[in-house]
Amino acid sequence: QVQLQESGPGLVKPSQTLSLTCTVSGDSITTNDFWWNWIRQPPGKGLELIGFIGSGGNIYYNPSLKSRTSISRDTSKNQFILQLSSVTPEDTAVYYCARSGSSVAYDYWGQGTQVTVSS
């Protein structure tokens, strides 16, 4: 069974960099034809794709966040990492990692982690 688990600080100060790690078990992030996604949901709003890293290492960023976003991976730990710089209170959200593929929608999700941007 595939499992994803987000980890990282729950509170980040404005202008700092938010950093989250998604640890994957039950599948390898470098094999099979899947994309490993970061998604967030601000309070009272819908889900927003931040970006993803594919099994081959290709990366996509949401254009609205691209200038502040970096997605990378640590293949030795089967983890992928999100960094979002210059955060503001508008970046307060529940952040999820999830798996998707060319023939499957988001089929496995982490439980989500609340990140609050506040001084």
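Tutor: A residue is buried under 20% relative accessible area, exposed over 50%, and partly exposed in between, with a 1.4 Å probe and protein chains only. This is a predicted model, in which local features need pLDDT of at least 70, side-chain atom pairs count only at pLDDT 80 or more, and totals for chains, interfaces and linings use all residues. Residues are numbered from 1 along each chain as its sequence is written, and side-chain values use heavy atoms, with hydrogens and water left out.

Student: What does glutamine 5 count as, by its relative accessibility?

Tutor: Glutamine 5 has its place in strand β1 (residues 3–7), where strands (E, at least two residues), like helices (H or I, at least four), are DSSP runs numbered from the N terminus. Its relative accessibility is 37%. That value falls between the cut-offs of 20% and 50%, so glutamine 5 counts as partly exposed.

Student: Which residues are in contact with glutamine 5, leaving aside its neighbours within four places in sequence?

Tutor: Contact here means heavy atoms within 4.5 Å. With those sequence neighbours left aside, the residues touching glutamine 5 are Thr21, Cys22, Thr23, Cys97 and Gln111.

Student: How many residues apart are the two cysteines of the disulfide, cysteine 22 and cysteine 97?

Tutor: A disulfide is a pair of cysteine sulfur atoms within 2.5 Å, and the sulfur atoms of cysteine 22 and cysteine 97 are 2.1 Å apart. The link is right-handed, with 70° about the S-S bond. It joins distant parts of the chain, since cysteine 22 is in strand β3 and cysteine 97 in strand β9, and the separation of the pair is 75 residues.

Student: Which element gives the most to the largest nonpolar core?

Tutor: A nonpolar core is a set of buried Ala, Val, Leu, Ile, Met, Phe, Trp, Tyr and Cys residues joined through side-chain atoms within 4.5 Å. The largest such core has 25 residues, and those touching the most other members include Trp36, Trp38 and Leu82. Elements that give two or more residues to this core include β4 (34–41), β8 (79–84) and β9 (93–101). With 4 residues, the element that gives the most is β3.

Student: Which residues form a nonpolar patch on the surface?

Tutor: Patches consist of residues with over 30% relative accessible area and no salt bridge, with like charges joined within 9 Å and nonpolar side chains (Val, Leu, Ile, Met, Phe, Trp, Tyr) within 5 Å. One member, tyrosine 106, is partly exposed at 36% relative accessibility, and its place is in strand β10 (residues 104–109). Together the members have about 300 Å² of accessible area (Shrake-Rupley method, 1.4 Å probe, only the protein chains shown counting as cover), and they are Leu47, Tyr106 and Trp109.

Student: How far apart are the closest N and O atoms of aspartate 27 and arginine 99?

Tutor: A salt bridge is a side-chain nitrogen of Lys or Arg within 4 Å of a carboxyl oxygen of Asp or Glu, and the structure holds 5 of them. Aspartate 27 and arginine 99 are both buried. In their salt bridge the closest N and O atoms are separated by 2.9 Å.

Student: Which residues do salt bridges that share partners join into one network?

Tutor: Arginine 40, buried with a relative accessible area of 6%, meets glutamate 48 in a salt bridge of 2.8 Å, N to O. The side chain of aspartate 91 also meets arginine 40 in a salt bridge (2.8 Å, N to O). Aspartate 91 lies in the loop between β8 and β9 and arginine 40 in strand β4, so this pair ties together parts that are 51 residues apart in sequence. Through shared partners, the network comprises Arg40, Glu48, Arg68 and Asp91.
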